[in-house]
Amino acid sequence: MKFRSQIYDALKYTLRDWKPIILLGLILYILSVLNNVNEVETIIGIAVLILTIALLFLEEGYRYQIIKETIKGNNNPPSFENLKKLIIEGFLESFTISVYLTATYIFISSANKIELISHVQYIHWFILVIISMAIYFLSFGAVINKALHDDKFISAFNLIEIGRLYLKIGLKRTILLIIIGTVSINFIITSVIELGIYDFAQYLDFIINFIVNPILILFLTRLSGLIGKEVTYG
């Protein structure tokens, strides 16, 4: 499938049903509200934390379902019926992303601690930076590789298989997948951060979280799934 056709497919998929957009919008907006709740009592603070984590897992689980169903050839957005399954899958996806991001942070932090006063240290710094970038880039193929291998959790960490996945989809699709992954993560992160303290900014925050971010997340996730589907069906 040509890239233009994939974009059209992802857009049509996103706008096919408004229920996922509304439900995702509610999740993202509630997350932004919970993130700004002042912890008055310990019990309330714990309850808010648990609810926030559960909603994050639900959102990540739904994104994984989109990728998995897209690879299987399903052209309709999945439902939110099995919340337990979505939360479990969301936990696994969040854990996977956390492992990759933590490893990236460790290597890049180690590189930053090197004092660049000799050629040897420059080489060490360069190697650490390359490793951190490689881990970060491979993280975006982890979810697709897991979906391609019947939800086997270990497949999300099989760097050789993920590397082969990138070789199959080609350089352009790989770069696209990395950009999609980076943008998606930033949309999710900004969804739980308040944009401002003025009334206008709060209204803008509501519009972005409730309408714009859900549409973009659905669109980008579908596009990621189509790239994975291309590997399977050509």
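This briefing describes the overall make-up of the protein, its helix α5 and a surface patch. The model is predicted. The protein contains seven helices and zero strands, and 41% of its 234 residues count as buried.

**Overall make-up**
- Read from the N terminus, the elements follow the order α-α-α-α-α-α-α.
- An unreviewed UniProt entry lists residues 21–37, 43–62, 90–110, 122–144, 174–197 and 203–220 under "transmembrane region".
- Across residues 90–110, the chain is 100% helix and 0% strand, with 30 Å between the end C-alpha atoms.
- Across residues 122–144, the chain is likewise 100% helix and 0% strand; here the end C-alpha atoms lie 35 Å apart.

**Helix α5**
- Helix α5 covers residues 119–148 and has 30 residues.
- From its first C-alpha to its last, α5 reaches 43 Å, which is close to the 44 Å expected at 1.5 Å a residue.
- At glycine 141, α5 bends by about 35°.
- Aspartate 150 follows α5 and has a positive phi, near 55°.

**The nonpolar surface patch**
- A nonpolar patch of about 880 Å² on the surface is formed by Leu116, Tyr122, Ile123, Trp125, Phe126, Ile127, Ile130, Ile131, Met133 and Phe137.
- Isoleucine 130, one of the residues making this patch, is located in helix α5.
- The relative accessible area of isoleucine 130 is 41%, so this residue counts as partly exposed, a class that lies between buried (under 20%) and exposed (over 50%).

How values were computed:
Residues numbered from 1 in each chain as written. Predicted model: local features only at pLDDT ≥ 70, side-chain atom pairs only at ≥ 80, totals over all residues. Heavy atoms only, no water. Patch = residues over 30% accessible without salt bridge, like charges linked within 9 Å, V, L, I, M, F, W, Y side chains within 5 Å. Areas by Shrake-Rupley, 256 points an atom, 1.4 Å probe, with all protein chains shown as cover. Salt bridge = Lys/Arg side-chain N within 4 Å of Asp/Glu carboxyl O. Helix = DSSP H or I, 4+ residues; strand = E, 2+ residues; numbered from the N terminus. Buried < 20%, exposed > 50% of the residue type's maximum accessible area, 1.4 Å probe, protein only. Expected span 1.5 Å × (residues − 1). Bend = angle between axes of the 7 residues up to and from the residue. UniProt positions renumbered as here; feature names shortened; annotations may be inferred.
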